[in-house]
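Colleague: Could you take me through one part of this model in detail? I would like a close look at the place where its two halves meet, and at whatever sits beside it.

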Amino acid sequence: MTPTKKRRSGKTGAVTRRVAVMGAAGRMGRTVCAAVVGDPDCELVAAVDPHHSGLDLSSVAGVDTDVEIAADVRSLDDVAVDVAVDFTEAAAARDNLRWCASAGVHAVVGTTGLSEDDVDDLRSLFTTSNCVVAPNFAIGAVLMMRFAELAARYFETVEIIELHHDAKVDAPSGTAVATAQRIAAASQDWAADPTEDTVLEGARGGTGPAGIPIHAVRLRGLVAHQEVLFGTTGQTLLIRHDTTDRTSFMPGVLLAVKAVGDHPGVTVGLDALLGL
Ligand code: NAP
């Protein structure tokens, strides 16, 4: 299978990307399928989701398509795919991405729970096609991380509180970890935790890069939210982002689908694609 073939869309004159969605029956996958079908410069050519294989994607995702859901990424060996979008779970994504790299298919990865070692592995795998991995495709969340990075050197204490729906299986969120990594890279000058007596194990949250505490809340009714709380003498700064609907991620996903072919190797985060 060859990487992106240039095709002109009849509607806009732009290049049409042939897109496959991994995890197509999931909460994010269904939203991605709808966004791809609704984009005049994209064509949804395949969908993978093991427990829904053989079903019509139209009935599962409620989108206008004749694509049938496949059981395994290897079923796509004979399908011409330019970009595969992965919103599955970490173990599945590792396998799917190995296939993408070996097939020369560009990848856009939203799945969280991938470690820095995983990203290093992706860097060695993606040599003939490219990969964009973003812990958060919502533009507001990308800006939240950037603002937190800018604020870091003016404060001595910081804590991250991420809040998600009650079906999220990994903790803390990829966004929270990425935010802590960026704050830690911007400043290492953080006050020591004053806690001497932990009455309840875990009360101070998980310990992220540079000792930054990360607290994960799981609550029915939430979608995806994060607060970055900075403090210094006499003042605090709260940066908060709220995703109230999964469609918030779609402009970022479609941006990555269209830009991934122009960004060689592995790109982490949307900053480079947004010119931040
Ligand atoms: P979800 O509803 O559980 O969907 C995941 C789907 O992937 C499920 O339908 C699952 O099937 C399927 N799947 C499992 N293994 C697979 C494989 N090998 N190939 C293809 N599909 C497979 O989860 P979600 O809420 O959509 O979230 C998916 C991921 O996206 C999570 O890691 C989440 O943290 C992340 N996320 C990222 C962003 C971002 O902006 N980067 C935003 C929101 C969510 P079964 O359930 O039948 O096993």
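Modeller: Happy to! Across the interface of domain 1 and domain 2, four residue pairs are in polar contact, with both residues of each pair at pLDDT 80 or more; keep in mind that this is a predicted model. On the side of domain 1 that touches domain 2, the residues divide into three nonpolar, four polar and three charged.

To place that interface in the chain, domain 1 is made of 17–133 + 247–274, while domain 2 covers 139–244. Their C-alpha centres lie 28 Å apart, and the contact takes 10 residues from domain 1 and 12 residues from domain 2. The area buried between the two domains is about 840 Å², and carbon and sulfur atoms give 58% of that area. In domain 1, the residues that lose the most area to domain 2 are Arg27, Thr112 and Asp271, which together account for 45% of what that side buries.

Asp271 is worth pausing on. Its side chain meets that of Arg182 in a salt bridge, at 3.0 Å from N to O. The count of salt bridges between domain 1 and domain 2 is one.

Now for the ligand, where two of those names return. Thr112 is among the closest of the 23 residues that surround the ligand, together with Met28, Asp49, His51 and Phe137. Arg27 comes in through its backbone: a polar backbone atom of Arg27 is 2.9 Å from an oxygen atom of the ligand. Nitrogen atoms of the ligand also have backbone partners. A backbone N or O atom of Gly23 lies 3.2 Å from a ligand nitrogen, and a polar backbone atom of Ala134 is 3.0 Å from a ligand nitrogen. As for cover, the ligand taken alone exposes 920 Å², and the protein buries 80% of that.

Note on methods:
Residues numbered from 1 in each chain as written. Predicted model: local features only at pLDDT ≥ 70, side-chain atom pairs only at ≥ 80, totals over all residues. Heavy atoms only, no water. Domains from an automatic or database assignment. Contact = heavy atoms within 4.5 Å. Buried area = accessible area lost by both parts, 1.4 Å probe. Salt bridge = Lys/Arg side-chain N within 4 Å of Asp/Glu carboxyl O. Polar contact = N/O pair within 3.5 Å; in protein donor to acceptor, adjacent residues only side chain to side chain. Nonpolar A, V, L, I, M, F, W, Y, C, P; charged D, E, K, R; others polar. Near = heavy atom within 4 Å. Areas by Shrake-Rupley, 256 points an atom, 1.4 Å probe, with all protein chains shown as cover.
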